[in-house]
Amino acid sequence: MANSGILLLLLLCTLQCALTLSNPTNFIKSSCSATQYPALCVESLSVYAAAIQQDPHQLVQTALSLALNKTESTKTFVAKCNKFKGLKPREYAALKDCVEEISDGVDRLSRSLKELKLCKLKGQDFDWHMSNVETWVSSALTDESTCGDGFAGKALSGKIKDAIRGRMVNVAQVTSNALSLINQYAAKH
């Protein structure tokens, strides 16, 4: 009788472990643990757990889509800031450069998302497409950093600088997480 109680307990523990491992949120947490910003990664992707399930390709596609959406909304915000009256020439130039850099980033992330959809198969084609995705997302991350750098120093100050830098930091973090997940995905295939 004691053996059947232990066996039942062992069976329940095994079942609990299996359920925990099959939980999409746990898959996301596990995948995000290797990113540079794991808490942000989990927070932003857990909303899509039902769609992601435990599909690594869907996880990467969702992370990349999220990075693209954040970058597009930041581009819109920065473009609106450029229309403020009373901007100093240095502020106007930094905003103009930033819009250009973000536009390049949007283009690269958009191309990466299209290219990622071609990465369902293994082999040379997979490697080539994934290499393109990794290169373009990395370039988008550089574009985002370059935009943020334009607002460094004391030449620019105030609410516009703070708002843009805050958004650019978030965009760069989300994009960095997407790149990390892409690199994980590429390494496993």
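The exchange below concerns the salt bridges, the largest pocket and the largest cavity of a predicted model.

Reader: Why is the contact of Arg111 with Asp107 called a salt bridge?

Author: The closest N and O atoms of Arg111 and Asp107 are 3.3 Å apart. The rule asks for a side-chain nitrogen of Lys or Arg within 4 Å of a carboxyl oxygen of Asp or Glu, so the pair qualifies.

Reader: Where do Arg111 and Asp107 sit with respect to each other?

Author: Both belong to helix α6 (residues 89-116), and because they are 4 residues apart, about one helical turn separates them.

Reader: Why are Arg111 and Asp107 called partly exposed?

Author: Arg111 has a relative accessibility of 35%, and Asp107 has a relative accessible area of 38%. Buried means under 20% and exposed over 50%, so values in between count as partly exposed.

Reader: What makes Arg108 and Asp143 a salt bridge?

Author: Their side chains meet at 2.4 Å, N to O. The limit is 4 Å, so this pair also fits the rule. The pair links distant parts of the chain, with Arg108 in helix α6 and Asp143 in helix α7 (residues 124-149), 35 residues apart.

Reader: Is Asp143 buried or exposed, and how do you know?

Author: Asp143 has a relative accessible area of 7%. Buried means under 20%, so the term applies to Asp143. Its partner Arg108, at 24%, is partly exposed.

Reader: How many salt bridges does the rule give?

Author: The count comes to 2.

Reader: Which elements line the largest pocket?

Author: Two or more residues each come from α2 (24-32), α5 (56-81) and α8 (159-188). The largest share, 4 residues, is from α8. The pocket holds about 160 Å³ of space, and its lining includes Phe27, Pro56, Tyr185 and Lys188.

Reader: What makes one residue of that pocket lining charged?

Author: The lining divides into 6 nonpolar, 4 polar and 1 charged. Lys188 is among the lining residues, and Lys counts as charged, so Lys188 falls in that class.

Reader: Why is the other space called a cavity, and how much space lies in the largest cavity?

Author: The term cavity applies because a 1.4 Å probe fits there but cannot get out. About 50 Å³ of space lies in the largest one, and the search finds 2 cavities of 30 Å³ or more.

Reader: What lines the largest cavity?

Author: Among the lining residues are Cys41, Leu66, Asn177 and Leu181. The elements giving two or more residues are α3 (38-46), α5 and α8. The lining divides into 7 nonpolar, 2 polar and no charged.

Technical notes:
Residues numbered from 1 in each chain as written. Predicted model: local features only at pLDDT ≥ 70, side-chain atom pairs only at ≥ 80, totals over all residues. Heavy atoms only, no water. Buried < 20%, exposed > 50% of the residue type's maximum accessible area, 1.4 Å probe, protein only. 1 Å grid on protein atoms, 1.4 Å probe; cavity = no way out; pocket = protein on both sides within 12 Å on 5 of 7 lines; lining within 4 Å. Points joined across faces, edges and corners; volume = space filled by probe spheres on them.
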